[in-house]
Protein chains: 4
Amino acid sequence: MKILFTGDMVGSAGRQVFQRVIEKLRAEGRVDLVIANAENGAGGRGPSPEIAEALLNAGAAALTLGDHTYDDRKLIPMLETESRIVRPANLPPGSAGRGMTTLETDEGPICLISLIGRVFLDPADCPFRIADKLLNLCSAKTIFVDFHAEATSEKIALGRYLDGRVTGVFGTHTHVQTSDETILPGGTAYITDLGMTGPKDSVIGRDVEPVIQKFITGMPQKFDVSKKDPALEGVIVDVDVATGKARSIERIRERA
Amino acid sequence: MKILFTGDMVGSAGRQVFQRVIEKLRAEGRVDLVIANAENGAGGRGPSPEIAEALLNAGAAALTLGDHTYDDRKLIPMLETESRIVRPANLPPGSAGRGMTTLETDEGPICLISLIGRVFLDPADCPFRIADKLLNLCSAKTIFVDFHAEATSEKIALGRYLDGRVTGVFGTHTHVQTSDETILPGGTAYITDLGMTGPKDSVIGRDVEPVIQKFITGMPQKFDVSKKDPALEGVIVDVDVATGKARSIERIRERA
Amino acid sequence: MKILFTGDMVGSAGRQVFQRVIEKLRAEGRVDLVIANAENGAGGRGPSPEIAEALLNAGAAALTLGDHTYDDRKLIPMLETESRIVRPANLPPGSAGRGMTTLETDEGPICLISLIGRVFLDPADCPFRIADKLLNLCSAKTIFVDFHAEATSEKIALGRYLDGRVTGVFGTHTHVQTSDETILPGGTAYITDLGMTGPKDSVIGRDVEPVIQKFITGMPQKFDVSKKDPALEGVIVDVDVATGKARSIERIRERA
Amino acid sequence: MKILFTGDMVGSAGRQVFQRVIEKLRAEGRVDLVIANAENGAGGRGPSPEIAEALLNAGAAALTLGDHTYDDRKLIPMLETESRIVRPANLPPGSAGRGMTTLETDEGPICLISLIGRVFLDPADCPFRIADKLLNLCSAKTIFVDFHAEATSEKIALGRYLDGRVTGVFGTHTHVQTSDETILPGGTAYITDLGMTGPKDSVIGRDVEPVIQKFITGMPQKFDVSKKDPALEGVIVDVDVATGKARSIERIRERA
Ligand SMILES: [Fe+2]
Ligand SMILES: [Fe+2]
Ligand SMILES: [Fe+2]
Ligand SMILES: [Fe+2]
Ligand SMILES: [Fe+2]
Ligand SMILES: [Fe+2]
Ligand SMILES: [Fe+2]
Ligand SMILES: [Fe+2]
């Protein structure tokens, strides 16, 4: 089964290119299932229920989130009821929503876990120990982890820690795709960052000029989300869902 | 002129693979000049004078540094006298060493600038404003900037800010190569991170297991530099030194 | 001359207690001039022009600001025209407003400087070097510095650096008054933090329960500014304005 | 029972003033029991076994630690066996040492808990939730918490969270004593920071000049621990050990 994981979706340009590219990839037989990180789906902020719904309708089998999970409080009820959306599992106990879900597919169940890093990010529970706990609860052979984190050291360390125990670990959050996609020694597919599904002519999704002005002047700026040069970024992983083994990982960047 | 820029060099494995790969690339005619980020050259820490000397002798035309510049205080005198090593130019005035240098080549002068980011890193002067100041002082047409920074937003913003005014802006520091090498709209070659010239079977250069243990237990660990699976990472930029225009940028990862 | 410096003003409770207490202190002859840090004057955020105006009318001879300077963009024009408000002088060149001002008093001119720290705060220019530059421009004998910073090490270091060169260095930003008010060896009055002029029954100005919930659950909360148990905190410094020497520094905490 | 809690002990000057002052306070009948934060006991770094032993012999009934717990690995075995030393309880499970201990006194048992903050500090487990867990395990009526943290908001929030459930919450880590000692509404004694037991003529314990140079130049410095003007800082809490109620909290700063 060929599963596409896409990096942080940003704004309407991201949503449009997502829909068009996955239709094309499906039509070409290159992708069977799509899982999207949607954490900046609403103009750079966390998705509204309408946007989350639209992405699921557009063909995402499930959505992952990140540090922008609760930007839009109206999403909170949906996080409780919609089993196809996961937020970081190492948020405090009692946080709205779930950190792990199981997707039923023709080839068998796929477990999807979201975790968030702690280096250069807000406090959270230990992603390594929470991963251990969740893996004990998970009966599927095929398991994917979206690790939403800033520091390369933390991302690679978690990838190596879970190597051989999950099908894939894919980093998100930096909005820049890395070139280190690989099958780790233990058989786990890995990439440090999936990149961004959004406007490439931008600074991680925002219009260029105000961001530069902010860095130089420190004065408040209006950070509009760019619409220029949208592309979908992520990886396609070929998986034997029966065994949970990743056969290959391929990095992609596609314009509509 | 084909110029190779290599990402953060880590340890003896990094130094060996560097030497062997650049010899091969030169022999194959793929590279005319080599500039190396050497900030972790000494077992993960900043280089000693001996290591800096060895890298220059091994074929680096110049070395750039980063947040590890002063790890080895014995390097300080060499930073004052050796014009082929640059440390971040936006360190405070009076810091040992220089932030900009000019390399004379057969095709003309090449100006090399080092800058360091401020997001998730120690305080420093504004890299955007210091870049403006240095560009006023620089008479070469061909100008390269090593931007040693953590945050993708800051790196892309500086790239865009300097686009059209310099030949290339190449990020370093994260030790993971990104896949976004490009010629920006204004003609500047750009990549968010060159990656690492060091042991790929590692967590950004260190042995895997102690780093994982540090993340999980918080207890002190001995962080040895890995020697496993060394590779050189960076970009080759084809430049018209007479005009300072980048014709192309190509990402490379080479094992010895 | 007895000069009162008050710590970060928070919300309407802070503004009310400020007005009442300074009237009382003036009536009692305990205070001749009042300088207030107003950075959280508007419900915890930076002051509006109306609030800044009201504080000046209520008896503040000048206002200092901090990291919340530009929270309310409507203040920006006033920062350009109103010489009695200073924002951190080590913001980038070209930032709206001024970082130093001179107050004319019956006993002579008083120079007021605002600086912001860089440890655990956003990037800024070096407060130590900017202080040197401003002191060269300043002809008054009596000079006060509001150092708006988080880390005790940075605050004490700046106090010691300016000791003997200015009349007083007073820290702000943490909203908790320290007990280390002193005349430093060189004669400069110093305290690490003036404290808060606002509701003491709070978490640094905000209602207690939502802040606790935020720490525990990470879920979004509505952070209302408390109105309970307002107090004015700061120091009274007795100064010989002719010589610029601080005769004494006294810590105060007064309820209305 | 009058219990003295002392702030971060720094170096030999701190150890000497500690010993002399507590002898004096005991002789004067002002203090019955002493608990000391010892996290910088060894020249600014975490204590060695010898230094920890010496402090216990000098009259400390127990020692608390902080982010410097494991600076000296030779302390690790002692942390496992010596029940009178506590390190932050919200370090990862399996960390060497204990986070809670019970001291037997003539008037009854006293429970001592160490916790560490997460704002501007390394990742750790949630101090609020770990406090709940420990309080369930603790049968003593008299309970004290050393909260080793940087941010005033986090410290006050934990104090308010535990108000009425413990006898006292005392902040440490900033090395600057705050002036907000109080009995909170629920009866818990509280101060945001106990201050430092060490050389006051210093920057949080270090010689002044190298710290200033580090801030200005960024160049490496030798940070010797100061020996000048040592003082003991902390609070004396009068407690009814039978009920666990704090009758009063008094801030102290004593030179030998
Ligand atoms: Fe994102
Ligand atoms: Fe994110
Ligand atoms: Fe670096
Ligand atoms: Fe590096
Ligand atoms: Fe404030
Ligand atoms: Fe502030
Ligand atoms: Fe300390
Ligand atoms: Fe500490």
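## Iron sites and two helices in a predicted model

A:Glu39 counts as buried because its relative accessibility is 1%, a value that falls below the 20% cut-off for burial. The model in which this residue is seen is a predicted one, and A:Glu39 is a useful place to enter it. The residue is found in the loop between S3 and H2 of chain A, and, once residues up to four places away in sequence are set aside, it touches, among others, A:Asp8, A:Arg45, A:Thr64, A:Asp67, A:His148, A:His173 and A:His175.

Several of these residues meet again at a metal. The iron ion (ligand 2) is coordinated by A:Glu39 through OE, A:Asp67 through OD, A:His148 through NE2 and A:His173 through ND1, at 2.1 to 2.2 Å. The arrangement is irregular because the four donor atoms subtend angles of 85 to 145°, whereas a tetrahedral assignment would need all angles to lie between 85 and 135 degrees. Along the sequence, the donor residues of this ion follow the spacing E-x27-D-x80-H-x24-H. A:Glu39 also bridges the iron ion (ligand 2) and the iron ion (ligand 1), which lie 3.3 Å apart. Since A:Glu39 lies in the loop between strand S3 (33-37) and helix H2 (49-57) of chain A, and A:Asp67 in the loop between strand S4 (62-64) and helix H3 (75-81) of chain A, the pair ties together parts that are 28 residues apart in sequence.

The donors are not alike in their exposure: A:Asp67 is partly exposed, with a relative accessible area of 36%, while A:His148 is buried, with a value of 0%. A:His148 lies in strand S8 (residues 142-148) of chain A, and its contacts beyond four places in sequence include A:Asp8, A:Asn37, A:Glu39, A:Asp67, A:Leu115, A:Ile116 and A:His173. An unreviewed UniProt entry places the feature "binding site" at A:Glu39, A:Asp67, A:His148 and A:His173. Although these residues are spread over 135 residues of sequence, they cluster in space, with a largest C-alpha distance of 9.8 Å.

Chain B can be read in a similar order. The protein donors of the iron ion (ligand 3) are B:Glu39 (OE), B:Asp67 (OD), B:His148 (NE2) and B:His173 (ND1), which lie 2.1 Å from it, and the site is irregular, with angles of 84 to 147° among its four donor atoms. B:Glu39 coordinates both the iron ion (ligand 3) and the iron ion (ligand 4), which are 3.3 Å apart. The pair B:Glu39 and B:His148 links distant parts of the chain, 109 residues apart, with B:His148 in strand S8 (residues 142-148) of chain B, and both residues are buried.

Away from the metals, chain D offers two helices to follow. Helix H1 (residues 11-27) of chain D has 17 residues and reaches 25 Å from its first C-alpha to its last, close to the 24 Å expected. Its buried residues are D:Gly11, D:Ala13, D:Gly14, D:Val17, D:Phe18, D:Val21, D:Ile22 and D:Leu25. They cover an arc of only 140° around the axis, which puts them on the same side of H1(D), and the face turned away from that side carries the exposed residues D:Arg20 and D:Ala27.

Helix H6 (residues 208-217) of chain D is largely enclosed by the rest of the structure, because seven of its ten residues are buried. The buried residues of H6(D) pack against helix H4 (127-137) and helix H5 (152-162) of chain C, and just after H6(D), D:Gly218 takes a positive phi of about 70°.

Key. Residues are numbered from 1 along each chain as its sequence is written. Chains are lettered from A and ligands numbered from 1 in the order in which they are written. This is a predicted model: local features need pLDDT of at least 70, side-chain atom pairs count only at pLDDT 80 or more; totals for chains, interfaces and linings use all residues. Side-chain values use heavy atoms; hydrogens and water are left out. Donors are N, O and S atoms within 2.8 Å of the metal (3.2 Å for Na, K and Ca); water is not among the atoms, so sites may look incomplete. Four donors count as tetrahedral if all angles lie between 85 and 135 degrees; four count as square planar and six as octahedral if opposite donors are over 155 degrees apart and all others between 65 and 115; anything else is irregular. Helices (H or I, at least four residues) and strands (E, at least two) are DSSP runs, numbered from the N terminus. Buried means under 20% relative accessible area, exposed over 50%, partly exposed in between (1.4 Å probe, protein chains only). The expected span of a helix is 1.5 Å times one less than its number of residues. The arc is that of the directions from the helix axis to the C-beta atoms. Contact means heavy atoms within 4.5 Å. UniProt positions are given in the numbering used here, feature names are shortened, and annotations may be inferred rather than shown by experiment.
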